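Okay, thanks for coming, everyone. I've got one structure to walk through today, so have a look at it while I talk.

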Amino acid sequence: MSATDERAGRRVGRVKEISSLGNPVIKEIRGLGLKKNRDRSGSFMAEGLKLVIDALDLGWQIKTLIHARSDKGNPAVETVAARTVAGGGLVLMVTGKILGAITRRDNPQTVCGVFEQKYADLADLAPTGNETYVALDRVRDPGNLGTIIRTADAAGASGIILVGDCTDPFSLETIRATMGSIFAVPVARTDIDGFLAWQSGSGARLVGTHLAGAVDYRAIDYTAAPSILLMGNEQAGLDPSLAGACDTLALIPQAGRADSLNLAVATGIMLFEARRHLLE
Ligand code: SAM
């Protein structure tokens with residue numbers, strides 16, 4: 001058997017056509033909707049051809065590529081399928097019904113990928129220059145977290161730190177809201193003590209946001225040192241021990257009757273102010 005035949009043979013062995021919702025591999029992929037299954041397998045699912053290509057380009061490990069039968073012969077999908085097989089992954093050609101079931105959508109994307117979860121090691125995040133990081137205290141809402149990851153990417157932030165009991169960044173809802181930015185922005189996780197130990201050794205300025213903040217967020221010089229923008233929980237705001245450790249507590253002034261801003265909106269406002277000098 002020539003090297004080409006051998007490659008072709010392997011490729012055939014790693015490509016399967018599936019039409020039954022009862023197929024065990026499909027059941028396992030559907031199971032990724034539950035956190036306990038994502039934690040056990042260390043996997044998560046992302047939808048859309050562009051997202052899958054971006055993920056591969058950024059070095060994420062694809063375990064399974066799932067695509068509609070109708071995409072067979074589509075050059076872009078074939079290229080992604082070949083990359084998946086070359087990396088040791090599996091390619092599944094499935095029916096529209098199966099795509100609908102695994103994505104829980106009426107009009108599903110025709111391409112999905114199951115990837116290996118990847119957290120950044122906090123010790124590897126070393127703020128320098130005028131970098132900006134976002135730290136989130138017990139963020140609970142998947143849509144908020146996904147939107148913040150996407151916004152951090154757009155603003156050129158260097159990473160996200162999840163502090164305490166946060167929602168899973170690899171849930172389908174969060175991944176959807178990131179629109180692919182999950183693959184571009186390092187996400188680390190830790191507890192309050194771990195975060196404060198890392199921050200104090202990092203040389204970065206800790207800018208907490210708080211409804212009782214004494215400093216207008218526009219009055220802060222974000223260029224003097226790297227900044228960590230610390231955002232509070234949706235219901236409880238910032239934990240007092242975190243608020244007490246901040247170098248500055250910033251307020252976004254509000255008009256009107258709303259008590260506070262949505263967490264993702266407040267984070268977006270802070271990020272674009274902190275990065276303003278670099279975006280102009
Ligand atoms: N009830 C909470 C409280 O008392 O803090 C409201 C939390 S708010 C929905 C979520 C987070 O967004 C806050 O902890 C803070 O980090 C940020 N935030 C929202 N509005 C803000 C504002 N006007 N100024 C500063 N931070 C704000």
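Before I start on the ligand, one bit of vocabulary: when I say polar contact, I mean a pair of N or O atoms within 3.5 Å of each other. And keep in mind that this is a predicted model.

So, the ligand. There are 18 residues around it, and the ones that come nearest are T209, G232, I252, Q254 and L261. Three of those give us polar contacts to talk about. Q254 has a polar side-chain atom sitting 2.8 Å from a ligand nitrogen. L261 also reaches a nitrogen atom of the ligand, but with a backbone N or O atom, at 3.0 Å. Then T209 puts a side-chain N or O atom 2.6 Å from an oxygen of the ligand. How much of the ligand does the protein bury? On its own the ligand exposes 560 Å², and 85% of that gets buried by the protein.

Now over to strand β6, residues 132-137. All six of its residues are buried, so the strand is largely enclosed by the rest of the structure. In a regular strand, side chains alternate between the two faces of the sheet. Here T132, V134 and L136 are buried on one side, and Y133, A135 and D137 are buried on the other.

What does β6 pair with? There's β11, residues 227-231, parallel, over five bridges, with V134 partnering L229. There's also β7, residues 159-163, again parallel with five bridges, and there D137 partners V163. To get from β6 to β7, the chain goes through helix α7, residues 142-155, in a right-handed β-α-β crossover.

That's my bit, over to you.

Technical notes
Residues numbered from 1 in each chain as written. Predicted model: local features only at pLDDT ≥ 70, side-chain atom pairs only at ≥ 80, totals over all residues. Heavy atoms only, no water. Buried < 20%, exposed > 50% of the residue type's maximum accessible area, 1.4 Å probe, protein only. Helix = DSSP H or I, 4+ residues; strand = E, 2+ residues; numbered from the N terminus. Pairing = 2+ DSSP bridges. Right-handed = clockwise from strand over helix to strand, strands pointing away. Near = heavy atom within 4 Å. Polar contact = N/O pair within 3.5 Å; in protein donor to acceptor, adjacent residues only side chain to side chain. Areas by Shrake-Rupley, 256 points an atom, 1.4 Å probe, with all protein chains shown as cover.
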